[in-house]
Structures are given as structure tokens and as C-alpha cells.
Amino acid sequence: MYVTQQACVSWAGIISDYVSVHNGVRQGGVLSPILFCVYIDNLLQRLSRSGVGCYLGTNFAGTLAYADDIVLVSPTPSAMRKHLLICDAFATEYDIKFNDQKSKLLVVSSHNCRRHANSQTTHCSFSVGGNPIERVESFSHLGHIITSSLSDKEDVRFRQSDVIAS
């Protein structure tokens, strides 16, 4: 199914010529998330075995992955750098590219630690594939808005406007 893959573009009722597709998985394909999981499992195992990251008890919670989204969760800048180096090595080994334009850095800390954490990470820079990662105060992940303050106000407002608009 994936070896002889072809695609065309349909726009305004007009269909383009078919072209061969030699890499990637079909967007929205039933098998695509499963194949992605099989492909990326080695990376997730490496990150888990790295010895750094976040844990819930004894369970590693430093990497969250769903479909083609991967979230790295690290307690310190040095732990994040180690995870990003693992990702870069994996990308080189498996000839893949992480999209630095879609990559975001969100620093989250408790209210009591916010000033200290922000002063520690203000001058930190992170990169993937040699390209810098943009620092943000909020971003949308899997349809939910996550903020550095962990407030759900922005997400609730977004959901309310969705309901009102429909």
C-alpha cells in the first residue's frame, strides 16, 4: 500500500495528474498512526532510558506521543538539551527531520517558583536539527490550549467561542 503510493490534488472539482509519493504516510490514513508508533517507538525507548526527564512515581512521563505529535517534558534545561540531542541523533540515524517551525518551548512552573524558573530559563536557547525552537507562553496541542501558567481560561474561552459560532 505504501510502496506504490500515488497522490493527486482535487480543487474546485478539478483533479490534477497523479504523482508518485516515495516517503511519509497518508494523512488521515487508518494505518498511519499505528505505523508512526511502530516507527517512532525506538526514539521513545531511547528517551525513556536516558535517565533524565519527568516521572510519575517510577513511571517515565518525559515523552508524550500521539499520532505525529511528540511532546518532551523535562524538569531542567540540561535534561531538555539531552532529550533534544537524542532526537537529533535519532533523526540522523533514521533520515527524518523534526519540524522546527512547529516545535515550541513552553516553560511551566508552579506559581511559587515562577519568578525563579523564568530567570533561570530566560537566557536558555534550545534547538532541533540545528534550528532554534521558538519560546511561547501558550500553544494549541491536540485541540487544547496549554499555557505556561497552566490556566485553562484561554482554552475555555476558545471552546465557548466555538460553541457560540456553531
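Which residues does leucine 43 touch, not counting residues up to four places away in sequence? I shall answer that in a moment, after a brief outline of the chain.

Good morning, colleagues. What we have before us is a predicted model. The protein has 166 residues, and 25% of them are buried. Its secondary structure consists of four helices and 14 strands. The accessible surface amounts to about 12000 Å², with carbon and sulfur atoms accounting for 58% of it. If we take the contacts with a separation of 6 or more, 48% of them join residues that are 24 or more positions apart.

Let me return to the opening question. Leucine 43 touches Ile70, Ile86, Cys87, Phe90 and Phe98, once residues up to four places away are set aside. This residue belongs to the largest nonpolar core, a set of 18 residues, in which Leu43 and Phe126 touch the most other members. Two or more residues of this core are supplied by α1, residues 32-49, and likewise by α2, residues 77-94. Helix α2 provides the largest share, namely six residues.

I turn next to serine 50, located in the loop between α1 and β5, the latter spanning residues 55-56. Is serine 50 buried or exposed? Its relative accessibility is 13%, and it therefore counts as buried, the cut-off being under 20%. The side chain of serine 50 reaches back to the backbone oxygen of leucine 47, at 2.7 Å. Beyond its neighbours within four places in sequence, serine 50 contacts Lys82, His83 and Ile86.

A second loop residue deserves attention: isoleucine 96, which lies between α2 and β9, residues 104-105. With a relative accessible area of 26%, isoleucine 96 is partly exposed. Neighbours within four places aside, its contacts are Tyr39, Phe90 and Ala91. The C-alpha atoms of isoleucine 96 and glycine 129 are 9.9 Å apart, although 33 residues separate the two along the chain.

Finally, I should like to present two hairpins. In the first, strand β7, residues 63-66, runs antiparallel to strand β8, residues 69-72, and four bridges join them. Threonine 63 has leucine 72 of β8 as its bridge partner. Two residues lie between these strands, and alanine 67 in the turn has a positive phi of about 50°.

The second hairpin is formed by β13 and β14, again with two residues between the strands. Here leucine 142, in the turn, has a positive phi of about 55°. Four bridges connect β13, residues 138-141, with β14, and the two strands run antiparallel. Phenylalanine 139 is paired by a bridge with isoleucine 146 in β14.

Which side chains of β14, residues 144-147, are buried, and which are not? Ile145 and Thr147 point to one face and are buried, whereas His144 and Ile146 point to the other and are not. The general principle is that side chains in a regular strand alternate between the two faces of the sheet.

To close, I would ask you to keep two places in view. One is leucine 43, with its contacts to residues including Ile86 and Phe90. The other is strand β14, where the side chains alternate between a buried face and one that is not. Thank you for your attention.

Terms used. Residues numbered from 1 in each chain as written. Predicted model: local features only at pLDDT ≥ 70, side-chain atom pairs only at ≥ 80, totals over all residues. Heavy atoms only, no water. Buried < 20%, exposed > 50% of the residue type's maximum accessible area, 1.4 Å probe, protein only. Contact = heavy atoms within 4.5 Å. Areas by Shrake-Rupley, 256 points an atom, 1.4 Å probe, with all protein chains shown as cover. Core = buried A, V, L, I, M, F, W, Y, C linked by side-chain atoms within 4.5 Å. Polar contact = N/O pair within 3.5 Å; in protein donor to acceptor, adjacent residues only side chain to side chain. Pairing = 2+ DSSP bridges.
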